[in-house]
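Reader: Hello! I would like a close look at the sheet in this protein, strand by strand, along with whatever packs around it. Could you walk me through it?

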Amino acid sequence: FERGGFSGLSGIRDRKEAFRQFFERFSGCGSAMADEFIAASLELLGMPPSAAASAPWRHADLIGSLYPRPYQRDAFTIFRGYGYQGQVIESPHGSGKTLIGMMCIQDWLRPLPPGESILVLVPTMNYERQWVGELSYLPIGLQLSPDLIFTGTPADLEKERKRSGATPAVVIMTYTSLSQIGSPLGKGGFDAIAIERFLQGNHIQYVILDEVHKVVDDVQSVT
């Protein structure tokens, strides 16, 4: 590894694409094995102590706790190793997907400055309440202040921002409410330009699509 220019884990973290190419040549394995190696390196490096102390958002440490089960930690490690680019979790109801999502949110909150947000899209208002409960109130959760979480419609979010002058760290809303942006009256459907304007206007940096399969269960629905 040293001859290849990677004298430590930090070198792998800082030069991921170069390491992928090196590892494939060195080991004869495919890119998937290289990505697993990168993910393991990132997990071993963890969060620098100084970063935790300087983070603007106060919350519990799920990533460093004993709560995640091995498969939840494996899923999070893969997500993180791939840079959160397009991976999908498919697992049975009640298997702990929300906890994996909260681990991702914890990792995103570390570099997230005030004024930027994380968007969680859910199928119903019941899911909104579930996410708020797990993010703020449950012992096995992030214990994030409820004041940092917004639930409602895009119009409600705009009103709240104008009223308080503050931007929530986490925005939770339903697919249906988001689908109304820029759509013909009563028609619904996702208008790409309007949604991109919403994401940029509200400084959304990360998005979680919860129960996303339910969006396409009924092709005649408003979403």
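Author: Happy to. In this predicted model, the sheet is an open one of 4 strands, ordered E2-E3-E1-E4, and its pairing is parallel. The edges are taken by strand E2 (149-151) and strand E4 (204-209); each has a single partner strand, so one side of each is left without a neighbour in the sheet. From one strand to the next, the twist averages 20°.

Let's move to the pair formed by E1 and E3. Strand E1 covers residues 117-122 and strand E3 covers residues 170-174; the two run parallel and are joined by 5 bridges. If you want a spot to find by eye, look for Ile-118, which stands opposite Val-170 in E3. A helix also belongs in this picture: H7 (residues 125-137) packs on the sheet and touches E1, E2, E3 and E4. The direction of H7 makes about 160° with that of E3.

Ser-117 is a good residue to pause on, as it lies in strand E1. Its relative accessible area is 1%, and buried means under 20%, so Ser-117 counts as buried. What does Ser-117 touch, leaving aside its neighbours within four places in sequence? One group of its contacts consists of Thr-167, Pro-168, Ala-169 and Val-171. Another includes Asn-202, His-203, Ile-204, Gln-205 and Tyr-206, and Leu-112 is in contact with Ser-117 as well. Strand E3 spans residues 170-174 and strand E4 spans 204-209, which lets you place several of these partners on your display.

Now for a look outside the sheet, at helix H6 (residues 97-109), where Cys-104 lies. With a relative accessibility of 3%, Cys-104 is buried too. Not counting residues up to four places away in sequence, Cys-104 touches Phe-76, Phe-79 and Tyr-84. Of these partners, Phe-79 is 25 residues from Cys-104 along the chain, and the C-alpha atoms of the two are separated by 8.1 Å.

One more helix rounds off the tour: H2, with 12 residues (16-27). At 1.5 Å a residue, H2 should span 16 Å, and its end C-alpha atoms are indeed 16 Å apart, which agrees. The buried residues in H2 include Phe-19, Arg-20, Phe-22 and Phe-23. After H2 comes Gly-28, with a positive phi near 80°.

Conventions:
Residues are numbered from 1 along each chain as its sequence is written. This is a predicted model: local features need pLDDT of at least 70, side-chain atom pairs count only at pLDDT 80 or more; totals for chains, interfaces and linings use all residues. Side-chain values use heavy atoms; hydrogens and water are left out. Two strands pair if DSSP finds at least two bridges between them. Axes are lines fitted to C-alpha atoms, for helices over the stretch in contact, and angles run from 0 to 180 degrees between N-to-C directions. Contact means heavy atoms within 4.5 Å. Buried means under 20% relative accessible area, exposed over 50%, partly exposed in between (1.4 Å probe, protein chains only). The expected span of a helix is 1.5 Å times one less than its number of residues.
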